[in-house]
Structures are given as C-alpha cells and as structure tokens.
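Dear colleague,

I am handing over the structure below, and after it I set out what was found on going through it. Please read the notes with the model open beside you.

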Amino acid sequence: MKTLDDLKLGQTGVVARLGSSGALRRRIIDMGITPGATVKKLKTAPFGDPIVIIVRGYELSLRVSEAKEIFLEE
Amino acid sequence: MENISKNKTINVVLAGNPNCGKTTLFNQLTGSKQYVGNWPGVTVEKKSGKVRNSLGRDIEVVDLPGIYSLSPYTPEEIVTRNCLLNDDPDVIIDIVDATNLERNLYLTTQLAELARPIVIALNMCDLLEKNGDKIDVASLEKQLSVPIIPISASKNTGVDKLVEKVVELYDKGKYVPVKNIYSYEVDRILREIENALEDIKQHSYHRKRWTAVKLFEGDTVTWNHYNFTDEQKEHINLHIDEIHTSKNVDREMIIADERYKYICSITEKVVTRKRPAGFLSVSDKIDKVVTNRFFALPFFLLVMLMVFAITFGAPGNLLRDGATYLITDVLGGGLSSLLTYFNASAWAQSLVIDGIIAGVGSVISFLPQIMLLFILLSLLEDSGYMSRAAFIMDKLLRYIGLSGRAFVPMLMGFGCTVPAVLATRTLENQKDKRLTILITPFMSCSAKMPVYLLFISYFFADYGPLVIFGIYVLGMVVAVLSALLFKSTILKGKNAPFVMELPPYRMPSPKSLWLHVWDRLKDFLVRAGTVLLGASILIWFLQSFDFSMQMVSPDESMLASIGKFIAPVFAICGFGDWRASVSLVTGIAAKESVASTLAVLYPGASIADAFSPLAAFSFLVFVLLYTPCIAALSAIHKEMGSLKWTAVTVVYQIFVAWFASALVFQFGTLINNLGMM
C-alpha cells in the first residue's frame with residue numbers, strides 16, 4: 001500500500017489508515033493525521049530525513065520511518 | 001450569596017496548543033515577565049500569577065504547558081491534564097491560534113468536555129488577516145456554543161474584554177455543555193457508558209462525558225483510576241464492544257476522527273480563505289532557503305559563525321574595551337584617588353582595589369559581550385529558527401542516540417546551562433533527557449567567556465578568535481564522544497519519535513527580547529553582587545593573611561596552603577600553581593569566579609609569567625569541560641531526578657576535564673620537544 005513516504009515533493013495524498021502503535025500513534029492522530037485528512041509532502045531535510053508535510057494547514061515534521069506507517073488512499 | 005462569591009478568588013487556567021501565545025497572554029494578564037520563545041515547549045511547568053483588573057476581583061491565573069491533546073503521554077500533557085482534572089479551575093481560558101484553527105480547536109473539543117466554564121481567546125487574528133484570510137467570529141461562536149473573545153496577546157488588545165468575560169462566566173457559575181460533536185452512533189454508545197457509570201455510582205460524575213469518552217478510547221489512566229470490578233468493567237465494555245462489530249477502526253481513532261470531522265464542518269463555514277493557490281507567506285519564502293535540502297546546513301553553519309563573529313569579533317571587542325576602560329580606569333582610578341584622599345589604611349585600599357575592583361570588575365567588564373551573545377541566541381529562539389535547527393539536525397543527532405529535539409537545549413547551553421537543562425523537560429523519553437543533560441554542560445556557557453577572554457588577552461592576542469573557536473568546537477566534540485559512550489553503555493534504548501510542529505517565523509518583538517536579556521542581566525548582577533563579590537573578598541582575605549591573621553605575601557597566605565593541597569593533581573595538566581587550583585574551586589560557585597579569582601591572585605599582568613601558552617590552553621580546556629556551577633548542578637539534579645545520576649554527571653565531567661587537559665598538555669609538550677630535536 002502507498003505510504004506518505006512514497007509521495008514526491010509537492011504531491012498530496014489522502015490518509016487511509018495508520019500503522020504504528022501506542023504513544024507515537026496517538027501523537028500522530030492528535031496532530032491531525034486521521035483518515036480522510038489531506039497531506040502534502042513539502043520538503044526533506046539535508047540528509048533526506050526527516051520530512052516536512054502540510055496537514056490541516058500547518059507544517060509538521062516527522063521521520064521517514066514514521067511516514068512509512070501512514071498509509072494513503074490509492 | 002452573591003457577595004460571598006464576589007470575594008472569592010477566581011481560579012483561571014490558560015490552556016492551549018504550544019506556541020499559540022499563552023505565555024505572552026499570561027504576561028499581559030499578570031504584568032509578569034515570563035520567558036517567551038518561538039519553539040514548542042517554552043513553558044515546561046505551570047506558573048501562576050494574579051490578574052490585574054479594574055473590576056476589583058481577585059483572579060488567580062495559571063499558565064499551563066502547551067499541549068495538542070489531553071492524552072497522557074508527554075510530560076506537558078500529564079502536567080496539564082492533572083491540573084485540569086485535580087484542581088478543578090473555575091474558568092478555563094482556551095487560547096486558540098487563529099492562523100491554525102483546525103488543530104487548535106481539536107484541543108478545544110477536549111477541554112469543553114471537562115464540564116468547566118470555558119472561553120476561547122482567539123489570538124493572532126491580525127496575522128491571519130495579513131495572510132488574507134478571515135474568520136467569522138460570531139458564526140464560530142454560535143456553532144461551537146463557546147464564547148469567543150478575539151485578542152492580540154502581543155499587542156495587548158481584547159485582553160480586558162477577556163477578563164470581563166471570565167468574571168461573567170464565573171458569576172453565572174454554570175457550565176453550558178457544548179453541542180454534541182459526535183455522530184449519532186458514537187454518541188449513543190457514550191450515553192450508554194454514562195448510564196453504566198451512573199449505575200456503578202462509585203465516584204462523582206460531574207465529568208460524565210469526559211470519563212465516558214476516555215473509557216471509550218481505552219485510556220489506561222482513566223481505566224486504572226476508577227478501580228472497577230470485573231463485573232463493572234464488563235458492564236461498561238458491553239457498550240463499547242458494540243462499535244467493533246460495525247466499524248473496523250480502533251476506538252482512539254474513532255474519537256479523534258469525529259472531533260476533526262466536527263471541526264472541519266465548522267471551519268468550512270466560518271473561514272474564508274482569500275489567498276490564491278500556491279500563495280507563499282513570508283515564512284514559506286524564508287523556509288525555501290533556510291530548510292532547503294542543500295542550503296540548510298551551510299546556512300546553519302553561517303548563522304553559528306555569525307553569532308560567533310559578532311560576539312568575539314570587532315563588535316564584541318569594542319564593547320569590552322569600553323567596559324574595561326569604564327571599570328578599571330574610571331571607576332578603579334577614581335576610587336583609588338578617593339581612598340588616598342581620605343587616607344584610607346593600606347588594607348582597605350587593598351580590599352577595594354585588589355579585591356573588589358580586580359575581582360568583580362574584571363568580570364563585569366565582560367558583561368556587555370555576554371549580553372550580546374544572549375541577544376543573538378534570543379533572536380534565534382524568538383524567530384522560530386530553533387525548530388528548524390532541530391529539524392535539520394535530527395538525522396545527525398540520531399547517530400549519537402538523540403533526536404532533533406535535543407538540539408534546542410544544546411544550543412541554549414551556549415547561553416546558560418540552567419535554562420538549557422530545564423528545557424530538556426520537553427524531551428519525550430527518559431533516556432534522551434538524561435543523555436542530553438549529560439552533554440549539555442559541554443556546550444560552553446557564556447559565564448565561561450570571561451575566563452577565555454582573560455587568557456587570550458595575555459596569551460593568544462594575535463589569534464584569539466581562533467583559540468576561542470577551537471575551545472567551542474572541542475566542547476562539541478567531547479559532547480558527541482560522550483553521547484556515543486553513554487549511548488552504547490548505560491543509556492541504551494530506542495530513539496524517541498520526532499513528530500514536531502514547525503511554527504511560522506515571527507518577527508522577534510523587542511519586548512520579548514528585552515525579557516530574555518533582562519532575565520540574564522538580573523541573574524548576572526545578582527551573582528556579581530553576591531557570589532562574585534563574596535568570593536572576591538574571601539579570596540582577597542585568604543591570600544592577604546596567614547593563619548595567625550598577619551598580612552603576608554600571597555605565597556605564605558592561608559589560601560596558598562589550601563591551594564597547594566590540590567595543586568599537585570593538576571601538575572600533569574601543566575598548571576600546578578596553587579593559584580590556578582584555587583580559581584577552579586571558586587568556579588564551582590560561578591564560572592565567572594575563575595576569572596575574578598585569577599584577577600585577584602595575579603595582580604596586574606603577572607598572569608602572563610605564571611602560565612606557558614600551552615599550559616594556558618590546557619587550563620582553558622579544563623575550564624570548558626569541568627563541572628558546571630552550583631546553579632546548573634541544582635538544575636541537573638532537579639531534572640535527573642536522582643542523586644545517582646547527578647553524581648555520575650559531576651564525576652564524569654571532572655574526570656573528562658582533567659583527562660582532556662592532561663592529554664592536551666602532555667601531547668603538546670611532546671610535539672614541542674620533537675620540534676626542538
């Protein structure tokens with residue numbers, strides 16, 4: 001399944017479901033990444049990780065490993 | 001009854017997302033001067049103050065750490081949640097950042113379930129309008145059924161109205177439940193849980209909805225709090241299990257999802273976005289360069305070099321020369337002639353000139369330069385660059401077992417170790433926190449600057465900035481090596497996640513900048529007046545008299561006897577002179593003391609003969625790395641939360657300092673000798 005990490009810079013996608021668990025998962029949910037939310041990959045850090053996305057109108061940075069657990073609608 | 005309630009203290013809490021202007025509002029409400037910054041996590045513990053108001057009411061307000069949600073995971077969330085649940089505030093002020101409405105209202109929907117009167121302070125409307133957007137406040141108020149007061153915390157507008165509203169809500173004294181935010185299906189189940197709780201009748205139910213939602217989510221803290229019997233658990237779970245058959249998602253997600261859906265349904269109606277597609281705000285434009293994949297690192301290094309060049313280059317030196325002239329020549333010279341004029345005794349003259357002016361004065365002359373460094377660091381903090389630095393550095397910091405978040409305390413460490421150590425509270429796990437505390441003191445704090453500057457003026461006048469730069473870099477290298485050492489031995493563990501908001505850049509306000517600088521200035525002046533003055537007088541006394549209270553030459557003084565006891569340990573490092581040892585001991589009280597003590601013990605320029613350049617450098621290495629001052633140690637102890645870890649920190653740092661300076665001196669001597677052969 002396609003994940004947030006698969007997006008190219010500037011591309012948008014719609015969240016389908018979340019992997020990961022516990023506190024991290026809850027954190028991601030609380031930051032507004034819920035099914036149906038639109039996410040846009042904005043940029044990557046100098047070493048390719050972490051990345052910045054736009055979700056719900058603000059900029060959020062997360063790691064590639066965390067982005068791989070955010071599954072998008074096809 | 002009316003009168004009684006009007007005399008009572010109204011307890012208000014400020015709750016809201018990180019970085020939404022809570023502390024700025026707190027300062028406006030109370031007239032206090034709390035530290036403000038533009039990075040998530042500035043407020044790490046709750047602070048309270050009295051609200052100044054023209055209504056003649058007694059209002060106490062608590063500033064809580066910024067949070068995104070009332071989940072029980074991060075330390076900030078736990079502090080806020082406990083305060084809201086246990087202290088039962090009379091009124092909640094929910095600060096909502098208008099430029100970030102959806103995510104801010106997510107917390108609002110949770111706060112509204114706490115069954116306390118609540119008012120929204122809609123902050124930064126001015127910024128929103130600048131971006132070309134607009135919020136229909138009246139409509140938003142109606143939709144949410146929560147009173148809203150638009151404010152600008154930084155410009156102090158709307159704050160009086162907010163206070164009036166708080167008083168009005170308190171006087172009405174009743175809580176108006178918010179409109180239902182859940183879908184019919186979820187709401188039905190929540191009501192069933194509420195009924196089940198009613199049946200159990202084990203505790204007071206004034207927060208029925210909150211409790212029901214938390215039980216539904218499977219919030220372990222709430223489940224454990226109530227000590228339900230197995231039978232009761234089954235009774236509650238009966239209803240929760242219903243949802244599983246119809247929906248194939250987990251319960252935490254269902255609640256969050258419905259909250260966000262509810263919010264979107266409102267914001268769609270009340271927010272008008274005028275900005276065209278592809279609109280770039282000033283913040284976006286800055287970020288195009290600052291966090292650009294290729295420019296980010298060079299830019300970061302450039303920023304650091306500039307901070308360094310301004311502090312230690314021409315601007316800083318100019319300030320120092322001015323201050324030195326004022327203190328030594330004008331003040332010292334003036335006092336000296338004054339004392340001679342009044343025929344003061346030799347010892348009194350010696351106390352003032354050789355003790356106080358030489359000691360405290362030598363340090364105060366470095367004050368302007370220290371302030372300059374502080375202004376520059378505060379600019380970085382207030383503008384929002386710190387979060388970017390954390391973002392850029394995350395990958396690198398992972399190699400040493402930390403996350404990008406640890407970078408903020410480390411950078412702050414260049415200013416002062418105390419706030420830097422306190423800032424580690426925002427780190428999400430214990431391992432990261434301890435590791436960061438262990439290495440932050442290696443980031444050379446500004447109080448050590450007087451020592452470096454004193455030495456370069458005597459030993460390295462021609463290549464001073466280079467020597468200082470080398471010292472700073474060495475501190476960072478030792479920090480990295482230490483982190484690697486601890487990461488692979490006593491502080492093993494998984495990396496903390498890195499889910500962090502990048503707040504928009506903001507123009508640092510002169511007021512906030514002044515608060516930062518004043519904080520530091522006050523701290524410095526207090527120390528100069530107490531610790532440094534006391535130490536200078538004590539050192540002067542101990543070096544001027546022997547044990548039979550006769551005024552003697554320093555070499556026969558009490559201080560010499562004490563210093564000579566420790567000095568042999570440092571012989572291998574190249575500074576076995578008792579005066580050097582004494583200054584290092586006084587440095588534990590405050591780092592500037594090292595400089596003030598040396599100035600007293602080596603009158604005039606005699607320090608130049610006491611050290612070889614290599615020994616001087618080795619001495620600086622020791623000062624850089626050894627145990628921080630008492631204030632920092634107490635912060636370390638507080639944040640480590642364990643005597644054992646504090647002891648580990650102290651012993652480790654002293655050992656590293658001794659080892660590194662011995663290495664520098666011995667290796668340097670070896671090279672010198674080889675060179676001569």
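Two residues are taken to be in contact if their C-beta atoms, placed from the backbone, lie within 7 Å. Please keep in mind throughout that this is a predicted model.

With that cut-off, the packing of two helices in chain B can be described residue by residue. B:Val451, B:Tyr452, B:Phe455 and B:Phe459 in H22(B) meet a set from H29(B) made up of B:Pro613, B:Ala616, B:Leu620 and B:Val623. The residues of this contact between H22(B) and H29(B) are eight nonpolar, with no polar and no charged ones. As for the geometry, helix H22 (residues 449-459) of chain B and helix H29 (residues 613-625) of chain B have axes that come within 11 Å and cross at roughly 175°. Since angles over 145 degrees count as roughly antiparallel, that crossing makes H22(B) roughly antiparallel to H29(B).

H22(B) is also mostly covered, with nine of its 11 residues buried. The buried residues are B:Met449, B:Pro450, B:Val451, B:Tyr452, B:Leu453, B:Leu454, B:Phe455, B:Ile456 and B:Phe459. H29 of chain B is one of the elements that cover them, and the cover also includes helix H15 (314-341), helix H16 (346-364), helix H17 (367-383), helix H23 (464-487) and helix H27 (592-601) of chain B.

On the wider layout of chain B, the assignment divides the chain into domain 1 (2-172), domain 2 (184-248) and domain 3 (299-501 + 509-676). The C-alpha centres of domain 2 of chain B and domain 3 of chain B lie 56 Å apart.

The next topic is the meeting of the two chains. The contact takes 28 residues from chain A and 27 residues from chain B. On the side of chain A that touches chain B, helix H1 (22-30), strand S2 (38-44) and strand S4 (58-62) of chain A each supply at least two residues, and the largest share, seven residues, comes from H1(A). The residues of that side of chain A divide into 14 nonpolar, five polar and nine charged.

Both chains also take part in one sheet. Six strands form an open sheet with antiparallel pairing, in the order S5(A)-S1(A)-S2(A)-S3(A)-S4(A)-S9(B). Its edge strands, each pairing on one side only, are strand S5 (70-72) of chain A and S9 of chain B. At the S5(A) edge, three bridges join it in the antiparallel sense to strand S1 (residues 12-18) of chain A, and A:Leu18 has A:Ile70 as its bridge partner there.

At the other edge, S4(A) pairs in the antiparallel sense with strand S9 (residues 500-501) of chain B over two bridges. Within that pairing, A:Ser61 has B:Met500 as its partner, while A:Leu60 is partnered by B:Glu501. S4(A) is also joined by five bridges to strand S3 (residues 51-55) of chain A, again running antiparallel, with A:Ile51 opposite A:Leu62. The hairpin of S3(A) and S4(A) has two residues between the strands, and A:Arg56 takes a positive phi near 50° in it.

Because five of the five residues of S4(A) are buried, this strand is largely enclosed by the rest of the structure. Both of its faces are covered, with A:Tyr58, A:Leu60 and A:Leu62 buried on one side and A:Glu59 and A:Ser61 buried on the other.

With best wishes

Definitions and conventions. Residues numbered from 1 in each chain as written. Chains lettered and ligands numbered in written order. Predicted model: local features only at pLDDT ≥ 70, side-chain atom pairs only at ≥ 80, totals over all residues. Axes fitted to C-alpha atoms, helices over the stretch in contact; angles between N-to-C directions. Helix = DSSP H or I, 4+ residues; strand = E, 2+ residues; numbered from the N terminus. Parallel < 35°, antiparallel > 145°, perpendicular 65-115°, else oblique. Nonpolar A, V, L, I, M, F, W, Y, C, P; charged D, E, K, R; others polar. Pairing = 2+ DSSP bridges. Buried ≥ 20, exposed ≤ 12 C-beta atoms within 10 Å, placed from the backbone. Domains from an automatic or database assignment.
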